[in-house]
Amino acid sequence: MKTQGKTKKVGRNSACPCGSGKKYKNCCMSQEPKVLTVKEAYKNQYDIILKEPHQIEGIRKSGELLISMMDKVEAMIRPGITTNEINTLVEEETRRAGAIAAPLNYRGFPKSVCVSVNEVICHGIPGDRVLYDGDIVNVDITPILDGYYADANKTFFVGKPTADGQKIVNVALECLRLSIDTVGPGSHLGDIGHAIQTYAEAQGCSVVREFVGHGVGIDFHEQPQVLHFGRKNRGVELVPGMVFTIEPMINLGARDLHILDDNWTAVTNDGSLSAQFEQTIVVTDTGWESLTPY
């Protein structure tokens with residue numbers, strides 16, 4: 001994003017440079033195009049809210065709460081528990097911190113956290129499903145603390161992982177790592193998707209395209225959309241203050257999916273395993289910082 005260079009300022013009461021003999025304020029001043037700041041330009045052109053330092057700090061604190069909850073979830077993951085037990089833990093920890101669980105009642109979602117097991121790609125609704133040895137389970141947490149949202153998820157092994165489970169989890173995690181490393185001023189959203197797609201497909205896996213990363217912080221879902229596939233040097237240029245999630249969903253089989261009758265749960269058509277990792281990232285002056293580091 002380029003802005004106009006500096007020019008000699010003409011005073012309001014100076015003679016208008018056009019030679020009319022009138023004062024500048026009474027002549028051409030109203031016709032001068034406004035030079036937008038980068039923040040104004042990104043809001044006007046892309047509806048992207050570049051975050052101020054105090055807002056980034058608020059998101060960071062929400063992220064600290066999120067990671068503390070994620071660590072407690074990880075400690076409880078074992079064969080025999082139900083997905084609803086994970087939801088209960090997140091509910092209790094959120095309430096104890098004086099925060100709000102963003103997923104609860106969001107467009108009718110009935111629980112405080114998304115818990116997605118094996119073939120479930122995302123948006124799994126916690127319930128009576130029991131976790132068994134060899135399962136993989138993704139837990140997606142989004143607290144609102146003092147008005148600020150942070151969003152992250154991890155996929156865990158339940159007991160001893162299978163070979164397929166080990167592979168898909170490793171590939172998904174590496175997709176996240178590689179894509180985050182593309183982030184910095186002057187790079188583009190397409191660079192993120194390209195890194196994910198290139199690596200996942202080279203491993204014989206597929207990238208889900210129906211769900212994307214997104215801006216976050218002041219609201220649950222903001223602009224921009226962050227595709228997990230794409231081409232280098234395409235899409236919006238990244239600038240400091242952009243805050244968004246990267247959350248690749250990677251399938252061991254084909255990328256095709258369908259939504260269950262609950263209108264939320266997305267599952268692989270072929271029943272293959274799916275894994276996902278997500279972090280909330282801010283673009284800095286020199287690169288990036290995770291506001292939900294793990």
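Let's start with His123, which sits in the loop between strand S3, residues 120-122, and strand S4. Please keep in mind as we go that this is a predicted model. The phi of His123 is positive, about 65 degrees, although His123 is not a glycine. For comparison, most residues other than glycine have a negative phi, and most peptide bonds are trans. Is His123 buried or exposed? Neither label fits: His123 counts as partly exposed because its relative accessibility is 24%, and the buried class ends under 20% while the exposed class begins over 50%.

Arg107 makes a good companion to His123. Arg107 lies in the loop between strand S1, residues 100-101, and strand S2. Its phi is near 50 degrees, again a positive value in a residue other than glycine. With a relative accessible area of 69%, Arg107 is exposed, because the cut-off for that class is over 50%.

His123 also brings us to the largest pocket. Which residues lie nearest the centre of that pocket? They are Tyr106, His123, Val212, His214 and His221, out of 26 residues in the lining. The pocket holds about 560 Å³ of space. Several strands take part here: S2 (114-117), S4 (136-141), S9 (213-215) and S10 each supply at least two residues of the lining. Which strand gives the most? That is S10, with three residues. As for character, the lining divides into 10 nonpolar residues, 10 polar ones and six charged ones.

Let's stay with S10 for a moment. Pro224 is found in that strand, and a cis peptide bond joins Gln223 to Pro224, with omega at about 5 degrees. Both of those residues touch Ile48, whose contacts beyond its neighbours within four places in sequence are Tyr42, Lys43, Gln223, Pro224, Val236 and Met242. Where is Ile48 itself? You'll find Ile48 in the loop between helix H1 (38-46) and helix H2 (53-76). Although it sits in a loop, Ile48 is buried, because its relative accessible area is 2%, and buried means under 20%. If you'd like a distance to try on your screen, the C-alpha atoms of Ile48 and Arg209 are separated by 22 Å, with the two residues 161 apart along the chain.

S10 turns up again when we look at helix H5. This helix runs over residues 189-202, so you can count 14 residues in it, and from first C-alpha to last it reaches 21 Å, close to the 20 Å expected at 1.5 Å a residue. Its buried residues are Leu189, Gly190, Asp191, Ile192, Gly193, Ala195, Ile196, Gln197 and Ala200. What covers them? The cover includes helix H4 (163-180), along with strands S8 (206-207), S10 (222-226), S11 (243-246) and S12 (249-251). After H5 comes Gly204, with a positive phi near 80 degrees.

One last stop, Asn153. Its place is in strand S7, residues 152-157. Asn153 counts as buried, because its relative accessibility is 0%. What does its side chain meet? It makes a polar contact with the side chain of Gln276, at 3.4 Å. Leaving aside neighbours within four places in sequence, Asn153 is in contact with Met70, Asn138, Val139, Asp140, Gln276, Phe277, Glu278 and Tyr294.

That's my tour, thanks for listening!

Methods. Residues are numbered from 1 along each chain as its sequence is written. This is a predicted model: local features need pLDDT of at least 70, side-chain atom pairs count only at pLDDT 80 or more; totals for chains, interfaces and linings use all residues. Side-chain values use heavy atoms; hydrogens and water are left out. Helices (H or I, at least four residues) and strands (E, at least two) are DSSP runs, numbered from the N terminus. Buried means under 20% relative accessible area, exposed over 50%, partly exposed in between (1.4 Å probe, protein chains only). Contact means heavy atoms within 4.5 Å. A polar contact is a pair of N or O atoms within 3.5 Å; within protein, one must be able to donate a hydrogen and the other to accept it, and residues adjacent in sequence count only if both atoms are side-chain atoms. On a 1 Å grid over the protein atoms alone, a cavity is a set of points where a 1.4 Å probe fits but cannot get out, and a pocket is an open set with protein on both sides within 12 Å along at least five of seven lines; lining residues have an atom within 4 Å of a point. Grid points are joined across faces, edges and corners, and a volume is the space filled by probe spheres set on the points. Ala, Val, Leu, Ile, Met, Phe, Trp, Tyr, Cys and Pro count as nonpolar, Asp, Glu, Lys and Arg as charged, and the others, Gly among them, as polar.
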